[in-house]
Amino acid sequence: MLSGAIGELTQQFGTVETHTVLGYPLFLLNIIGTWKILGVIAIVMPRFLRLKEWAYAGMFFNMTGAFLSHAIVGDSKFHLIYTGSVLLIVVASWALRPQSRTLGKLTESFGSILKRA
(Lines give C-alpha, C1' and ligand atoms only; values in the text may rest on other atoms or scores of the structure.)
Protein backbone atom coordinates (compact mmCIF):
# COMPACT_ATOMS: atom_id res chain seq x y z
CA MET A 1 0.00 0.00 0.00
CA LEU A 2 2.79 2.40 0.84
CA SER A 3 4.63 1.85 -2.42
CA GLY A 4 1.38 2.33 -4.33
CA ALA A 5 0.72 5.55 -2.43
CA ILE A 6 4.16 6.88 -3.28
CA GLY A 7 3.60 6.04 -6.95
CA GLU A 8 0.25 7.81 -6.90
CA LEU A 9 1.42 10.92 -5.06
CA THR A 10 4.50 11.32 -7.26
CA GLN A 11 2.39 10.51 -10.34
CA GLN A 12 4.88 8.03 -11.73
CA PHE A 13 4.40 7.13 -15.38
CA GLY A 14 3.06 3.61 -14.87
CA THR A 15 0.53 4.80 -12.32
CA VAL A 16 -0.68 7.65 -14.52
CA GLU A 17 -0.93 5.30 -17.49
CA THR A 18 -2.94 2.77 -15.47
CA HIS A 19 -5.43 5.39 -14.26
CA THR A 20 -5.79 6.68 -17.81
CA VAL A 21 -6.46 3.17 -19.17
CA LEU A 22 -9.12 2.66 -16.49
CA GLY A 23 -10.72 5.99 -17.38
CA TYR A 24 -10.26 7.59 -13.97
CA PRO A 25 -9.42 11.29 -13.61
CA LEU A 26 -5.84 11.93 -12.52
CA PHE A 27 -6.83 14.05 -9.51
CA LEU A 28 -7.88 10.77 -7.85
CA LEU A 29 -4.19 9.84 -7.61
CA ASN A 30 -3.66 12.43 -4.86
CA ILE A 31 -6.80 11.41 -2.98
CA ILE A 32 -6.13 7.66 -3.10
CA GLY A 33 -2.42 8.10 -2.37
CA THR A 34 -3.15 10.23 0.69
CA TRP A 35 -5.73 7.77 2.03
CA LYS A 36 -3.34 4.86 1.50
CA ILE A 37 -0.61 6.57 3.54
CA LEU A 38 -3.08 7.37 6.31
CA GLY A 39 -4.25 3.74 6.25
CA VAL A 40 -0.70 2.42 6.54
CA ILE A 41 -0.04 4.76 9.48
CA ALA A 42 -3.25 3.56 11.17
CA ILE A 43 -2.27 -0.09 10.75
CA VAL A 44 1.24 0.26 12.19
CA MET A 45 0.30 2.57 15.09
CA PRO A 46 -0.30 0.90 18.45
CA ARG A 47 -3.87 0.94 19.83
CA PHE A 48 -6.71 2.66 17.89
CA LEU A 49 -8.40 -0.67 17.07
CA ARG A 50 -11.49 0.82 15.43
CA LEU A 51 -9.31 3.03 13.22
CA LYS A 52 -7.34 -0.06 12.18
CA GLU A 53 -10.59 -1.82 11.21
CA TRP A 54 -11.53 1.15 9.01
CA ALA A 55 -8.06 1.18 7.47
CA TYR A 56 -8.32 -2.50 6.59
CA ALA A 57 -11.81 -1.90 5.17
CA GLY A 58 -10.49 0.96 3.03
CA MET A 59 -7.66 -1.18 1.71
CA PHE A 60 -10.11 -3.97 0.94
CA PHE A 61 -12.43 -1.60 -0.95
CA ASN A 62 -9.49 -0.06 -2.80
CA MET A 63 -8.06 -3.36 -3.95
CA THR A 64 -11.41 -4.96 -4.87
CA GLY A 65 -12.21 -1.81 -6.85
CA ALA A 66 -8.84 -1.97 -8.59
CA PHE A 67 -9.22 -5.67 -9.37
CA LEU A 68 -12.73 -5.23 -10.77
CA SER A 69 -11.75 -2.12 -12.74
CA HIS A 70 -8.90 -3.97 -14.43
CA ALA A 71 -11.14 -6.97 -15.13
CA ILE A 72 -13.94 -4.86 -16.61
CA VAL A 73 -11.70 -2.96 -19.04
CA GLY A 74 -9.95 -6.19 -20.06
CA ASP A 75 -6.56 -5.04 -18.79
CA SER A 76 -3.55 -7.36 -18.78
CA LYS A 77 -3.45 -10.42 -16.54
CA PHE A 78 -0.50 -8.87 -14.69
CA HIS A 79 -2.78 -6.22 -13.19
CA LEU A 80 -5.34 -8.82 -12.16
CA ILE A 81 -2.70 -11.01 -10.54
CA TYR A 82 -1.06 -8.03 -8.81
CA THR A 83 -4.25 -6.47 -7.44
CA GLY A 84 -5.64 -9.89 -6.50
CA SER A 85 -2.42 -10.76 -4.66
CA VAL A 86 -2.39 -7.49 -2.73
CA LEU A 87 -6.06 -8.04 -1.88
CA LEU A 88 -5.23 -11.49 -0.48
CA ILE A 89 -2.37 -10.03 1.57
CA VAL A 90 -4.69 -7.37 3.02
CA VAL A 91 -7.31 -9.99 3.95
CA ALA A 92 -4.65 -12.29 5.44
CA SER A 93 -3.13 -9.42 7.42
CA TRP A 94 -6.54 -8.54 8.82
CA ALA A 95 -7.54 -12.13 9.60
CA LEU A 96 -4.20 -13.12 11.16
CA ARG A 97 -3.61 -10.07 13.33
CA PRO A 98 -3.00 -10.79 17.02
CA GLN A 99 -6.03 -11.03 19.31
CA SER A 100 -4.79 -7.93 21.14
CA ARG A 101 -5.41 -5.91 17.96
CA THR A 102 -8.97 -7.04 17.31
CA LEU A 103 -12.31 -5.57 18.34
CA GLY A 104 -13.68 -9.05 19.05
CA LYS A 105 -13.50 -12.68 18.06
CA LEU A 106 -14.24 -13.64 14.48
CA THR A 107 -16.73 -16.17 15.82
CA GLU A 108 -18.72 -13.64 17.85
CA SER A 109 -22.24 -12.93 16.77
CA PHE A 110 -23.04 -9.57 15.27
CA GLY A 111 -25.45 -8.88 18.14
CA SER A 112 -22.78 -9.33 20.80
CA ILE A 113 -20.50 -6.91 18.95
CA LEU A 114 -23.28 -4.32 18.80
CA LYS A 115 -23.89 -4.65 22.55
CA ARG A 116 -20.30 -3.59 23.23
CA ALA A 117 -20.41 -0.65 20.81
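Student: What counts as a helix here, before we talk about the loop that holds Q11?

Tutor: Helices are DSSP runs of H or I with at least four residues, numbered from the N terminus. In this predicted model, Q11 sits in the loop between helix 1 and helix 2.

Student: Why is Q11 called partly exposed?

Tutor: Buried means under 20% relative accessible area and exposed means over 50%. Q11 has 35%, so partly exposed is the label.

Student: Which residues does Q11 touch, leaving aside neighbours within four places in sequence?

Tutor: Q11 is in contact with V16, L26, L29 and N30. As for N30, its C-alpha atom is 8.4 Å from that of Q11, and the two are 19 residues apart along the chain.

Student: What makes E8 and K36 a salt bridge?

Tutor: The cut-off is a Lys or Arg side-chain nitrogen within 4 Å of a carboxyl oxygen of Asp or Glu. For E8 and K36 the closest N and O atoms are 3.0 Å apart, so the pair passes. E8 lies in helix 1 and K36 in helix 3, so the bridge ties together parts 28 residues apart in sequence. Both residues are buried, too.

Student: How many salt bridges are there by that rule?

Tutor: The count is 2. R97 pairs with E53, with the closest N and O atoms 2.6 Å apart. R97 is in the loop between helix 5 and helix 6, while E53 is in helix 4, 44 residues away in sequence.

Student: How do you know whether R97 is buried or exposed?

Tutor: Set the value against the limit: R97 has 14% relative accessibility, and buried means under 20%, so R97 counts as buried.

Student: What makes up the largest nonpolar core?

Tutor: That core has 7 residues: V40, Y56, M59, M63, V86, L87 and V90. Helix 4 and helix 5 each supply at least two of them. Not counting residues up to four places away in sequence, L87 touches F60, M63 and T64. In soluble globular proteins, nonpolar side chains tend to be buried together.

Student: What lines the largest pocket?

Tutor: The pocket holds about 610 Å³ of space. It has 27 lining residues, and the closest to its centre are E8, T18, H19, K36 and A66. Helix 4 gives the most to the lining, with 7 residues.

Student: How do the lining residues divide into nonpolar, polar and charged?

Tutor: The split is 11 nonpolar, 14 polar and 2 charged.

Key
Residues are numbered from 1 along each chain as its sequence is written. This is a predicted model: local features need pLDDT of at least 70, side-chain atom pairs count only at pLDDT 80 or more; totals for chains, interfaces and linings use all residues. Side-chain values use heavy atoms; hydrogens and water are left out. On a 1 Å grid over the protein atoms alone, a cavity is a set of points where a 1.4 Å probe fits but cannot get out, and a pocket is an open set with protein on both sides within 12 Å along at least five of seven lines; lining residues have an atom within 4 Å of a point. Grid points are joined across faces, edges and corners, and a volume is the space filled by probe spheres set on the points. Helices (H or I, at least four residues) and strands (E, at least two) are DSSP runs, numbered from the N terminus. Ala, Val, Leu, Ile, Met, Phe, Trp, Tyr, Cys and Pro count as nonpolar, Asp, Glu, Lys and Arg as charged, and the others, Gly among them, as polar. Buried means under 20% relative accessible area, exposed over 50%, partly exposed in between (1.4 Å probe, protein chains only). A nonpolar core is a set of buried Ala, Val, Leu, Ile, Met, Phe, Trp, Tyr and Cys residues joined through side-chain atoms within 4.5 Å. Contact means heavy atoms within 4.5 Å.
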